[in-house]
Amino acid sequence: MTELMDAARELLSIAMASHWLLLILFLAAAIDAVFPVIPSEGLVVTAGMAAAAGHQNLLLVIVLAMAGSVIGECVCYFMGRGSGPALRRWMRRREARQAMYDKVSKALHTRGGLILMTVRYIPGARMVATLTAGATAYSFRKFVLFTAAGVTVAYTYVALLGYLGGDAFAHDSLKALAFSLGLAFTIGLVLETTRRVVGRRKAAKVAAE
């Protein structure tokens with residue numbers, strides 16, 4: 001077990017020092033925005049740790065992650081714009097997905113900036129929001145502006161978590177990664193729980209009226 005942990009630490013150290021890390025990070029952020037199967041946040045955390053260790057530049061990590069995500073979300077936007085009717089049929093196949101589509105569609109045209117900046121913190125909602133923005137012909141200029149602001153805040157936060165973990169556990173990359181991911185998970189859990197509680201209270205208040 002000790003040998004396995006040492007090997008994992010060695011591989012993580014090599015990855016953090018690699019010049020390819022930033023390119024992989026950029027591609028992962030772009031792909032994750034269209035097909036949310038690649039954990040780009042985990043790579044940003046790793047890159048943030050690498051910055052703390054002096055292997056990467058923290059500002060460059062944030063900028064490349066942001067650029068990749070904006071490009072990916074713009075692709076998703078135009079996918080939605082080019083397939084509006086087909087998208088609506090796809091959404092109707094699942095009740096939860098259709099409900100989210102209807103909710104996001106309405107919200108985009110009343111408080112689009114807030115939705116596009118915060119939707120990435122709701123599991124599974126980012127892709128629906130970007131597709132919906134395209135399908136409903138939401139202003140592309142506003143879409144890019146609010147998306148860029150949202151991803152800048154999101155990736156700065158994630159990169160700083162990695163940097164904090166890398167700085168706190170400078171001599172053990174595995175502990176640094178576990179600390180950073182654990183902290184990100186805890187904060188995300190608190191935010192999601194708070195969102196659900198607030199949502200239920202609002203629903204109960206509306207029902208009572």
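# Exercises on helix packing in a predicted model

The C-alpha atoms at the two ends of residues 58–80 are 33 Å apart, and this span is 100% helix and 0% strand. The model is predicted, so that local features need pLDDT of at least 70 and side-chain atom pairs count only at pLDDT 80 or more, while totals for chains, interfaces and linings use all residues. Residues are numbered from 1 along each chain as its sequence is written, and side-chain values use heavy atoms, with hydrogens and water left out.

**Exercise 1.** Establish where UniProt places the feature "transmembrane region", and describe the chain over residues 143–164.

*Solution.* The unreviewed UniProt entry places this feature at residues 20–38, 58–80, 143–164 and 176–194; such annotations may be inferred rather than shown by experiment, their names are shortened, and their positions follow the numbering used here. Over residues 143–164 the chain is 100% helix and 0% strand, with 31 Å between the end C-alpha atoms. Helices here are DSSP runs (H or I, at least four residues), as strands are (E, at least two), numbered from the N terminus.

**Exercise 2.** Determine how α2 is oriented towards α3 and towards α4.

*Solution.* Begin with α2 and helix α3 (residues 40–52), whose axes come within 9 Å and cross at roughly 155°; axes are lines fitted to C-alpha atoms, for helices over the stretch in contact, and angles run from 0 to 180 degrees between N-to-C directions. α2 is therefore roughly antiparallel to α3, given that angles over 145 degrees count as roughly antiparallel, under 35 as roughly parallel, 65 to 115 as roughly perpendicular and the rest as oblique. The contact of α2 with α3 involves 9 nonpolar, 1 polar and 2 charged residues, where Ala, Val, Leu, Ile, Met, Phe, Trp, Tyr, Cys and Pro count as nonpolar, Asp, Glu, Lys and Arg as charged, and the others, Gly among them, as polar.
Next, α2 and α4 pack at an angle of about 30°, their axes 7 Å apart, and α2 is therefore roughly parallel to α4. Their contact comprises 16 nonpolar, 3 polar and 1 charged residues.

**Exercise 3.** Analyse the packing of α4 against α7, giving the angle and the residues that meet.

*Solution.* Helix α4 (residues 58–82) and helix α7 (residues 125–135) pack at about 50°, with their axes 6 Å apart, and the two are therefore oblique to each other. Ser69, Glu73, Cys76, Tyr77, Met79, Gly80 and Arg81 in α4 meet Arg126, Met127, Thr130, Leu131, Ala133, Gly134 and Ala135 in α7, contact meaning heavy atoms within 4.5 Å. The residues of this contact divide into 7 nonpolar, 4 polar and 3 charged.

**Exercise 4.** Identify the salt-bridge partner of Asp32 and locate both residues in the chain.

*Solution.* The structure holds 2 salt bridges, each defined by a side-chain nitrogen of Lys or Arg within 4 Å of a carboxyl oxygen of Asp or Glu. Asp32 forms one with Arg126, the closest N and O atoms being 3.3 Å apart. This pair links distant parts of the chain, since Asp32 belongs to helix α2 (residues 20–34) and Arg126 to helix α7, 94 residues apart.
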